[in-house]
Amino acid sequence: MYDVIIVGGGPAGATLARFLGRDMKVLVLDRRDLGKPYAGGFEKCCGGLLAPDAQKMLARFGLGLPRSVLAGPQLFTVRTIDMATRQQRFYPRDYINIDRERFDRWLVSLLPPEVETCWGARFRYLERDNRGVRVTFTVNGKERRETCRLAVGADGARSLVRRALAPRRQPQVYVAIQEWFAVPKAYPYYSAVFDPAVTDFYSWTIPKDDLLVVGSAIPAGADVLGRFQLLKDKLAQWGYVLDEPVRRHGTHLLRPAGLGQICLGSRDVVLIGEAAGWISPSSAEGLSYAFRSALALARALEKGTQGAAARYRRRCRGLSASILAKLGKSPAMYWPWARQLAMGSGLFSLQIEFEEVMS
Ligand SMILES: Cc1cc2nc3c(=O)[nH]c(=O)nc-3n(C[C@H](O)[C@H](O)[C@H](O)COP(=O)(O)OP(=O)(O)OC[C@H]3O[C@@H](n4cnc5c(N)ncnc54)[C@H](O)[C@@H]3O)c2cc1C
(Lines give C-alpha, C1' and ligand atoms only; values in the text may rest on other atoms or scores of the structure.)
Protein backbone atom coordinates (compact mmCIF):
# COMPACT_ATOMS: atom_id res chain seq x y z
CA MET A 1 0.00 0.00 0.00
CA TYR A 2 1.45 3.36 -1.05
CA ASP A 3 0.67 6.66 0.60
CA VAL A 4 0.75 8.39 -2.80
CA ILE A 5 0.83 7.16 -6.39
CA ILE A 6 1.74 9.87 -8.88
CA VAL A 7 0.66 9.30 -12.47
CA GLY A 8 3.09 11.26 -14.65
CA GLY A 9 6.76 12.00 -13.95
CA GLY A 10 6.89 15.33 -15.84
CA PRO A 11 7.81 18.59 -14.07
CA ALA A 12 4.74 18.51 -11.78
CA GLY A 13 4.94 14.82 -10.88
CA ALA A 14 8.72 14.73 -10.45
CA THR A 15 8.65 17.84 -8.26
CA LEU A 16 5.94 16.43 -6.01
CA ALA A 17 7.79 13.10 -5.71
CA ARG A 18 10.99 14.95 -4.81
CA PHE A 19 9.23 16.76 -1.95
CA LEU A 20 7.37 13.71 -0.58
CA GLY A 21 9.97 11.04 -1.20
CA ARG A 22 11.66 10.86 2.18
CA ASP A 23 8.54 11.05 4.35
CA MET A 24 5.96 9.01 2.46
CA LYS A 25 5.79 5.79 0.51
CA VAL A 26 5.56 7.10 -3.03
CA LEU A 27 5.31 5.47 -6.45
CA VAL A 28 5.67 7.60 -9.57
CA LEU A 29 4.91 6.11 -12.97
CA ASP A 30 5.25 7.45 -16.48
CA ARG A 31 4.85 6.06 -19.96
CA ARG A 32 8.18 7.68 -20.89
CA ASP A 33 11.38 5.95 -19.90
CA LEU A 34 12.57 8.83 -17.76
CA GLY A 35 15.23 6.78 -16.02
CA LYS A 36 17.47 6.74 -19.11
CA PRO A 37 18.85 9.40 -21.45
CA TYR A 38 16.40 10.23 -24.22
CA ALA A 39 16.99 7.97 -27.20
CA GLY A 40 14.13 8.79 -29.54
CA GLY A 41 10.52 7.71 -29.27
CA PHE A 42 7.77 9.65 -27.54
CA GLU A 43 8.89 13.21 -26.87
CA LYS A 44 7.13 15.84 -24.76
CA CYS A 45 5.96 18.48 -27.24
CA CYS A 46 7.11 21.75 -25.66
CA GLY A 47 8.84 24.98 -26.61
CA GLY A 48 11.36 24.44 -23.83
CA LEU A 49 11.57 28.05 -22.68
CA LEU A 50 11.99 28.56 -18.97
CA ALA A 51 10.23 31.83 -18.16
CA PRO A 52 11.23 34.02 -15.18
CA ASP A 53 8.37 32.63 -13.04
CA ALA A 54 9.66 29.09 -13.57
CA GLN A 55 13.23 30.23 -12.90
CA LYS A 56 12.03 31.75 -9.63
CA MET A 57 10.49 28.43 -8.61
CA LEU A 58 13.73 26.57 -9.34
CA ALA A 59 15.50 29.13 -7.18
CA ARG A 60 13.01 28.49 -4.37
CA PHE A 61 13.67 24.76 -4.76
CA GLY A 62 17.38 25.41 -4.28
CA LEU A 63 18.22 24.38 -7.82
CA GLY A 64 20.48 25.73 -10.54
CA LEU A 65 20.35 24.38 -14.08
CA PRO A 66 23.13 22.03 -15.16
CA ARG A 67 24.74 22.84 -18.48
CA SER A 68 23.55 19.49 -19.89
CA VAL A 69 19.90 20.65 -20.05
CA LEU A 70 20.63 23.93 -21.83
CA ALA A 71 19.92 24.43 -25.52
CA GLY A 72 21.27 27.29 -27.60
CA PRO A 73 21.06 30.14 -28.23
CA GLN A 74 19.95 31.87 -25.06
CA LEU A 75 17.33 34.45 -25.98
CA PHE A 76 16.86 38.00 -24.77
CA THR A 77 14.11 39.22 -27.04
CA VAL A 78 10.75 38.25 -28.45
CA ARG A 79 9.89 39.28 -31.99
CA THR A 80 6.17 39.93 -31.98
CA ILE A 81 4.45 39.81 -35.34
CA ASP A 82 0.85 40.71 -36.05
CA MET A 83 0.12 39.17 -39.43
CA ALA A 84 -3.18 40.98 -39.87
CA THR A 85 -1.77 44.50 -39.46
CA ARG A 86 1.79 43.61 -40.59
CA GLN A 87 3.18 45.23 -37.44
CA GLN A 88 6.24 43.92 -35.68
CA ARG A 89 8.00 44.82 -32.46
CA PHE A 90 10.86 43.42 -30.42
CA TYR A 91 10.40 43.20 -26.66
CA PRO A 92 13.04 42.30 -24.07
CA ARG A 93 12.52 38.93 -22.32
CA ASP A 94 14.69 36.71 -20.13
CA TYR A 95 13.97 33.13 -21.09
CA ILE A 96 16.27 30.19 -20.59
CA ASN A 97 16.33 27.94 -23.64
CA ILE A 98 16.33 24.28 -22.59
CA ASP A 99 16.16 20.81 -24.07
CA ARG A 100 12.88 19.62 -22.63
CA GLU A 101 13.59 15.86 -22.66
CA ARG A 102 16.90 16.38 -20.88
CA PHE A 103 15.27 18.81 -18.45
CA ASP A 104 12.60 16.28 -17.44
CA ARG A 105 15.23 13.58 -16.94
CA TRP A 106 17.31 15.91 -14.83
CA LEU A 107 14.30 16.61 -12.56
CA VAL A 108 13.78 12.86 -12.21
CA SER A 109 17.47 12.38 -11.36
CA LEU A 110 16.87 14.53 -8.25
CA LEU A 111 14.38 12.08 -6.73
CA PRO A 112 15.43 10.67 -3.39
CA PRO A 113 16.23 6.93 -3.56
CA GLU A 114 13.21 6.14 -1.37
CA VAL A 115 10.84 7.07 -4.24
CA GLU A 116 9.77 4.04 -6.25
CA THR A 117 9.58 4.66 -9.98
CA CYS A 118 8.01 2.72 -12.79
CA TRP A 119 8.98 3.95 -16.25
CA GLY A 120 7.44 2.79 -19.52
CA ALA A 121 4.21 2.34 -17.56
CA ARG A 122 0.90 3.40 -19.08
CA PHE A 123 -1.83 4.38 -16.64
CA ARG A 124 -5.18 2.77 -17.53
CA TYR A 125 -7.81 3.49 -14.86
CA LEU A 126 -8.47 3.82 -11.17
CA GLU A 127 -11.10 2.47 -8.82
CA ARG A 128 -11.97 3.22 -5.24
CA ASP A 129 -12.43 0.44 -2.70
CA ASN A 130 -12.57 0.37 1.09
CA ARG A 131 -8.76 0.23 1.33
CA GLY A 132 -8.08 3.26 -0.84
CA VAL A 133 -7.58 3.97 -4.55
CA ARG A 134 -6.54 1.12 -6.82
CA VAL A 135 -4.45 2.28 -9.78
CA THR A 136 -4.18 0.01 -12.81
CA PHE A 137 -1.41 0.46 -15.36
CA THR A 138 0.43 -1.63 -17.92
CA VAL A 139 4.17 -2.22 -18.05
CA ASN A 140 5.71 -4.25 -20.88
CA GLY A 141 2.23 -5.32 -21.95
CA LYS A 142 1.42 -6.69 -18.46
CA GLU A 143 -1.26 -5.24 -16.25
CA ARG A 144 -0.24 -4.17 -12.74
CA ARG A 145 -2.40 -2.87 -9.88
CA GLU A 146 -1.28 -0.91 -6.85
CA THR A 147 -3.27 0.65 -4.03
CA CYS A 148 -2.68 4.01 -2.40
CA ARG A 149 -4.28 6.45 0.01
CA LEU A 150 -4.02 9.31 -2.48
CA ALA A 151 -3.71 9.13 -6.26
CA VAL A 152 -2.27 12.19 -8.00
CA GLY A 153 -2.90 12.92 -11.67
CA ALA A 154 0.19 14.72 -13.00
CA ASP A 155 -0.39 13.32 -16.46
CA GLY A 156 -0.61 16.56 -18.41
CA ALA A 157 -3.11 18.08 -20.81
CA ARG A 158 -4.59 14.77 -21.95
CA SER A 159 -4.93 13.53 -18.38
CA LEU A 160 -6.75 10.22 -18.05
CA VAL A 161 -6.95 10.77 -14.30
CA ARG A 162 -8.81 14.01 -14.91
CA ARG A 163 -11.12 12.19 -17.29
CA ALA A 164 -11.84 9.60 -14.60
CA LEU A 165 -12.99 12.44 -12.34
CA ALA A 166 -15.39 13.57 -15.10
CA PRO A 167 -15.32 17.30 -14.29
CA ARG A 168 -18.31 19.22 -15.58
CA ARG A 169 -16.28 21.97 -17.20
CA GLN A 170 -13.08 21.60 -19.23
CA PRO A 171 -10.63 24.24 -20.44
CA GLN A 172 -10.67 24.89 -24.16
CA VAL A 173 -8.53 22.30 -25.92
CA TYR A 174 -5.99 23.29 -28.58
CA VAL A 175 -3.92 21.09 -30.81
CA ALA A 176 -0.31 22.21 -30.52
CA ILE A 177 1.91 21.32 -33.45
CA GLN A 178 5.66 21.84 -33.59
CA GLU A 179 7.77 21.28 -36.69
CA TRP A 180 11.57 21.37 -36.58
CA PHE A 181 13.54 22.81 -39.49
CA ALA A 182 17.20 22.84 -40.47
CA VAL A 183 17.79 26.52 -41.21
CA PRO A 184 20.55 28.35 -43.08
CA LYS A 185 20.91 31.12 -40.49
CA ALA A 186 20.42 31.83 -36.81
CA TYR A 187 17.22 33.43 -35.61
CA PRO A 188 18.40 34.88 -32.29
CA TYR A 189 14.95 35.53 -30.82
CA TYR A 190 11.73 33.86 -29.87
CA SER A 191 8.87 34.89 -32.20
CA ALA A 192 5.28 35.24 -31.07
CA VAL A 193 3.00 35.37 -34.08
CA PHE A 194 -0.61 36.52 -34.00
CA ASP A 195 -2.87 35.72 -36.93
CA PRO A 196 -6.62 35.15 -36.55
CA ALA A 197 -6.61 33.20 -39.84
CA VAL A 198 -4.40 30.60 -38.13
CA THR A 199 -5.60 30.65 -34.52
CA ASP A 200 -7.27 32.76 -31.86
CA PHE A 201 -4.31 31.85 -29.61
CA TYR A 202 -0.81 32.28 -31.02
CA SER A 203 2.05 30.68 -32.96
CA TRP A 204 5.79 30.82 -32.33
CA THR A 205 9.29 30.11 -33.55
CA ILE A 206 12.11 29.10 -31.22
CA PRO A 207 15.70 28.41 -32.23
CA LYS A 208 16.86 25.14 -30.68
CA ASP A 209 20.54 24.43 -31.22
CA ASP A 210 20.96 24.05 -35.03
CA LEU A 211 17.23 23.84 -35.70
CA LEU A 212 14.29 26.21 -35.71
CA VAL A 213 11.06 25.07 -34.08
CA VAL A 214 7.87 26.44 -35.62
CA GLY A 215 4.78 25.88 -33.52
CA SER A 216 1.17 26.85 -33.21
CA ALA A 217 -1.73 26.20 -30.86
CA ILE A 218 -4.84 25.78 -33.02
CA PRO A 219 -8.37 25.17 -31.68
CA ALA A 220 -9.18 21.45 -31.71
CA GLY A 221 -11.72 20.69 -34.42
CA ALA A 222 -10.36 23.27 -36.89
CA ASP A 223 -8.44 22.25 -40.02
CA VAL A 224 -5.25 22.04 -37.96
CA LEU A 225 -2.86 20.93 -40.71
CA GLY A 226 -4.28 23.42 -43.23
CA ARG A 227 -3.90 26.29 -40.77
CA PHE A 228 -0.38 25.19 -39.85
CA GLN A 229 0.57 25.20 -43.53
CA LEU A 230 -0.89 28.70 -43.83
CA LEU A 231 1.29 29.81 -40.91
CA LYS A 232 4.42 28.42 -42.57
CA ASP A 233 3.56 30.09 -45.89
CA LYS A 234 3.11 33.43 -44.13
CA LEU A 235 6.30 33.04 -42.09
CA ALA A 236 8.20 32.48 -45.35
CA GLN A 237 6.98 35.93 -46.44
CA TRP A 238 8.49 37.35 -43.24
CA GLY A 239 11.94 35.95 -44.05
CA TYR A 240 11.87 32.57 -42.29
CA VAL A 241 13.49 29.91 -44.47
CA LEU A 242 11.53 26.72 -43.84
CA ASP A 243 12.64 24.49 -46.71
CA GLU A 244 14.12 21.58 -44.75
CA PRO A 245 11.67 19.99 -42.32
CA VAL A 246 13.27 17.53 -39.91
CA ARG A 247 10.42 16.25 -37.74
CA ARG A 248 6.97 17.19 -36.54
CA HIS A 249 5.05 16.34 -33.41
CA GLY A 250 1.89 17.48 -31.66
CA THR A 251 -0.17 17.21 -28.54
CA HIS A 252 -3.05 18.85 -26.74
CA LEU A 253 -2.73 22.14 -24.94
CA LEU A 254 -5.28 23.49 -22.46
CA ARG A 255 -6.36 27.09 -22.20
CA PRO A 256 -8.50 27.82 -19.14
CA ALA A 257 -11.04 30.59 -19.68
CA GLY A 258 -11.95 30.83 -16.00
CA LEU A 259 -11.27 29.30 -12.61
CA GLY A 260 -14.32 27.03 -12.97
CA GLN A 261 -12.36 25.06 -15.55
CA ILE A 262 -9.54 24.22 -13.17
CA CYS A 263 -10.14 20.78 -11.64
CA LEU A 264 -8.24 20.01 -8.45
CA GLY A 265 -9.88 16.66 -7.74
CA SER A 266 -11.57 15.40 -4.64
CA ARG A 267 -10.87 13.53 -1.39
CA ASP A 268 -8.48 10.82 -2.58
CA VAL A 269 -7.74 11.71 -6.21
CA VAL A 270 -6.17 15.10 -6.90
CA LEU A 271 -4.67 16.80 -9.95
CA ILE A 272 -1.59 18.98 -10.31
CA GLY A 273 0.14 20.71 -13.22
CA GLU A 274 -1.53 20.89 -16.58
CA ALA A 275 -3.75 17.89 -15.73
CA ALA A 276 -5.57 20.25 -13.35
CA GLY A 277 -5.68 22.99 -15.99
CA TRP A 278 -2.82 24.98 -14.40
CA ILE A 279 -1.32 26.79 -17.37
CA SER A 280 -1.17 30.43 -18.42
CA PRO A 281 -4.18 31.24 -20.63
CA SER A 282 -2.25 34.14 -22.18
CA SER A 283 1.13 32.58 -23.02
CA ALA A 284 0.74 28.80 -22.47
CA GLU A 285 3.63 28.99 -19.99
CA GLY A 286 3.09 25.91 -17.88
CA LEU A 287 6.32 25.01 -16.12
CA SER A 288 5.95 27.52 -13.28
CA TYR A 289 2.37 26.32 -12.71
CA ALA A 290 3.54 22.70 -12.66
CA PHE A 291 6.13 23.58 -10.00
CA ARG A 292 3.81 25.77 -7.94
CA SER A 293 0.93 23.29 -7.88
CA ALA A 294 3.30 20.44 -6.95
CA LEU A 295 4.65 22.55 -4.09
CA ALA A 296 1.13 23.43 -2.93
CA LEU A 297 0.18 19.74 -2.77
CA ALA A 298 3.45 18.77 -1.08
CA ARG A 299 2.77 21.35 1.65
CA ALA A 300 -0.83 20.13 1.94
CA LEU A 301 0.50 16.60 2.49
CA GLU A 302 2.76 17.58 5.35
CA LYS A 303 -0.10 16.71 7.72
CA GLY A 304 -0.77 13.40 5.96
CA THR A 305 -3.14 12.25 3.23
CA GLN A 306 -6.28 12.75 5.36
CA GLY A 307 -7.82 16.09 4.42
CA ALA A 308 -4.96 16.86 1.98
CA ALA A 309 -7.29 17.60 -0.95
CA ALA A 310 -9.03 20.38 1.01
CA ARG A 311 -5.72 21.81 2.21
CA TYR A 312 -4.36 21.68 -1.35
CA ARG A 313 -7.41 23.61 -2.58
CA ARG A 314 -6.72 26.35 -0.01
CA ARG A 315 -3.05 26.51 -0.91
CA CYS A 316 -3.95 27.05 -4.58
CA ARG A 317 -5.40 30.53 -3.97
CA GLY A 318 -2.21 32.22 -5.20
CA LEU A 319 -2.21 30.11 -8.34
CA SER A 320 -5.85 30.99 -9.00
CA ALA A 321 -5.01 34.68 -8.60
CA SER A 322 -2.21 34.25 -11.10
CA ILE A 323 -4.58 32.66 -13.65
CA LEU A 324 -7.00 35.58 -13.15
CA ALA A 325 -4.15 38.06 -13.70
CA LYS A 326 -3.20 36.31 -16.95
CA LEU A 327 -6.83 36.34 -18.07
CA GLY A 328 -6.87 40.07 -17.35
CA LYS A 329 -3.79 40.53 -19.50
CA SER A 330 -5.22 38.54 -22.43
CA PRO A 331 -7.27 41.31 -24.11
CA ALA A 332 -4.16 43.42 -24.78
CA MET A 333 -2.67 40.41 -26.56
CA TYR A 334 -5.70 38.84 -28.22
CA TRP A 335 -8.19 41.59 -29.00
CA PRO A 336 -6.94 42.77 -32.43
CA TRP A 337 -7.63 46.48 -31.84
CA ALA A 338 -6.01 46.43 -28.40
CA ARG A 339 -2.96 44.61 -29.74
CA GLN A 340 -2.70 47.07 -32.62
CA LEU A 341 -2.82 49.92 -30.13
CA ALA A 342 -0.27 48.33 -27.80
CA MET A 343 2.17 47.49 -30.59
CA GLY A 344 1.60 50.80 -32.34
CA SER A 345 2.53 52.68 -29.16
CA GLY A 346 5.92 50.97 -29.05
CA LEU A 347 5.63 50.94 -25.25
CA PHE A 348 8.23 48.63 -23.62
CA SER A 349 9.66 47.66 -27.04
CA LEU A 350 13.35 47.48 -27.99
CA GLN A 351 15.05 49.50 -30.70
CA ILE A 352 17.00 46.93 -32.74
CA GLU A 353 20.23 48.28 -34.20
CA PHE A 354 21.01 45.44 -36.64
CA GLU A 355 17.54 44.77 -37.99
CA GLU A 356 18.92 42.85 -40.99
CA VAL A 357 20.20 40.18 -38.56
CA MET A 358 16.75 39.86 -37.08
CA SER A 359 14.62 39.47 -40.21
C1 LIG B 1 3.70 22.92 -27.88
C2 LIG B 1 3.83 23.35 -26.44
C3 LIG B 1 4.83 24.25 -26.10
C4 LIG B 1 4.98 24.63 -24.77
N5 LIG B 1 6.01 25.46 -24.46
C6 LIG B 1 6.21 25.81 -23.18
C7 LIG B 1 7.34 26.61 -22.82
O8 LIG B 1 8.17 26.94 -23.66
N9 LIG B 1 7.48 26.97 -21.52
C10 LIG B 1 6.59 26.58 -20.56
O11 LIG B 1 6.74 26.96 -19.40
N12 LIG B 1 5.52 25.80 -20.88
C13 LIG B 1 5.33 25.39 -22.15
N14 LIG B 1 4.29 24.57 -22.46
C15 LIG B 1 3.43 24.06 -21.38
C16 LIG B 1 4.18 22.98 -20.61
O17 LIG B 1 4.78 22.07 -21.50
C18 LIG B 1 3.25 22.22 -19.69
O19 LIG B 1 2.37 23.09 -19.04
C20 LIG B 1 4.07 21.45 -18.65
O21 LIG B 1 4.83 20.47 -19.29
C22 LIG B 1 3.14 20.81 -17.65
O23 LIG B 1 3.87 19.95 -16.82
P24 LIG B 1 3.12 18.70 -16.20
O25 LIG B 1 4.14 17.95 -15.41
O26 LIG B 1 1.87 19.13 -15.57
O27 LIG B 1 2.66 17.82 -17.46
P28 LIG B 1 3.58 17.14 -18.62
O29 LIG B 1 4.86 17.84 -18.77
O30 LIG B 1 2.69 17.02 -19.80
O31 LIG B 1 3.88 15.72 -18.00
C32 LIG B 1 2.90 14.71 -17.96
C33 LIG B 1 3.61 13.39 -17.85
O34 LIG B 1 2.61 12.38 -17.75
C35 LIG B 1 2.96 11.30 -18.57
N36 LIG B 1 1.71 10.64 -18.96
C37 LIG B 1 0.68 11.17 -19.64
N38 LIG B 1 -0.30 10.24 -19.79
C39 LIG B 1 0.15 9.12 -19.18
C40 LIG B 1 -0.40 7.82 -18.99
N41 LIG B 1 -1.62 7.48 -19.45
N42 LIG B 1 0.33 6.90 -18.34
C43 LIG B 1 1.57 7.21 -17.86
N44 LIG B 1 2.14 8.42 -18.01
C45 LIG B 1 1.43 9.37 -18.65
C46 LIG B 1 3.68 11.95 -19.76
O47 LIG B 1 4.56 11.02 -20.39
C48 LIG B 1 4.43 13.08 -19.08
O49 LIG B 1 5.72 12.71 -18.69
C50 LIG B 1 4.10 24.15 -23.77
C51 LIG B 1 3.11 23.25 -24.12
C52 LIG B 1 2.98 22.84 -25.44
C53 LIG B 1 1.91 21.83 -25.79
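This section describes the overall fold, the salt bridges, the backbone exceptions and the surface patches of a predicted model.

The protein chain comprises 359 residues, for which a compact globule would be expected to have a radius of gyration near 21 Å; the value computed for the chain is 21 Å, in agreement with that expectation. Along the principal axes, the C-alpha atoms occupy a box of roughly 65 × 40 × 40 Å. Secondary structure assignment yields 10 helices and 16 strands. Of the 359 residues, 54% are buried.

Side chains of opposite charge can pair when their charged atoms come close. In the present model, 21 salt bridges are found. One of these joins D104 to R32, with the closest N and O atoms 2.7 Å apart. D104 belongs to helix α3 (residues 100–109), whereas R32 is in the loop between β2 (26–30) and β3 (49–50), so this salt bridge ties together parts of the chain that are 72 residues apart in sequence. D104 and R32 are both buried. The pair is also part of a wider arrangement, since R32, R100, E101, D104 and R105 are linked in a network of salt bridges.

A further salt bridge is formed between E179 and K232, whose closest N and O atoms are 2.8 Å apart. E179 is located in strand β11 (residues 172–182) and K232 in helix α5 (residues 224–237), so the contact ties together parts that are 53 residues apart in sequence. E179 is classed as buried because its relative accessibility is 8%, under the 20% limit. K232 is likewise buried, with a relative accessible area of 13%.

The salt bridge between R134 and D129 has an N to O distance of 3.8 Å. R134 has a relative accessibility of 29% and therefore counts as partly exposed. D129, at 32% relative accessibility, is also assigned to the partly exposed class.

Contact between parts of the chain remote in sequence is also seen for R22 and V115, which are 93 residues apart in sequence but 7.5 Å apart in space, C-alpha to C-alpha. R22 is placed in the loop between α1 (11–20) and β2. The residue is exposed, its relative accessible area being 59%.

Several exceptions in backbone geometry were identified. Most residues other than glycine have a negative phi, and most peptide bonds are trans. The peptide bond leading from G72 to P73 is cis, with omega near -10 degrees. P73 is situated in the loop between α2 (52–60) and β4 (77–82). Positive phi values occur at N140 and D209, neither of which is a glycine. For N140, phi is about 50 degrees. N140 lies in the loop between β9 (132–139) and β10 (142–153), and its relative accessibility of 74% places the residue in the exposed class. For D209, phi is about 55 degrees. D209 is found in the loop between β13 (203–208) and β14 (211–219). With a relative accessibility of 45%, D209 counts as partly exposed.

Two patches were characterised on the surface. In one, R31, R122, R124, R158 and R163 gather to give a patch of positive charge. Among these residues, R163 is located in helix α4 (residues 160–165). The relative accessible area of R163 is 54%, so the residue passes the 50% limit and is classed as exposed.

The other patch is nonpolar, has an area of about 410 Å² and is made by W335, W337 and L341. W337 is part of helix α9 (residues 336–345). At a relative accessible area of 57%, W337 is exposed.

Terms used
Residues are numbered from 1 along each chain as its sequence is written. This is a predicted model: local features need pLDDT of at least 70, side-chain atom pairs count only at pLDDT 80 or more; totals for chains, interfaces and linings use all residues. Side-chain values use heavy atoms; hydrogens and water are left out. Patches are made of residues with over 30% relative accessible area and no salt bridge: like charges are joined within 9 Å, nonpolar side chains (Val, Leu, Ile, Met, Phe, Trp, Tyr) within 5 Å. Accessible areas come from the Shrake-Rupley method with a 1.4 Å probe; for residues, only the protein chains shown count as cover. A salt bridge is a side-chain nitrogen of Lys or Arg within 4 Å of a carboxyl oxygen of Asp or Glu. Lys and Arg count as positive and Asp and Glu as negative; His and the chain ends are not counted. The place of a charge is taken as NZ of Lys, CZ of Arg, CG of Asp or CD of Glu. Helices (H or I, at least four residues) and strands (E, at least two) are DSSP runs, numbered from the N terminus. Buried means under 20% relative accessible area, exposed over 50%, partly exposed in between (1.4 Å probe, protein chains only). The radius of gyration is taken over C-alpha atoms; the globule rule is 2.2 Å times the number of residues to the power 0.38.
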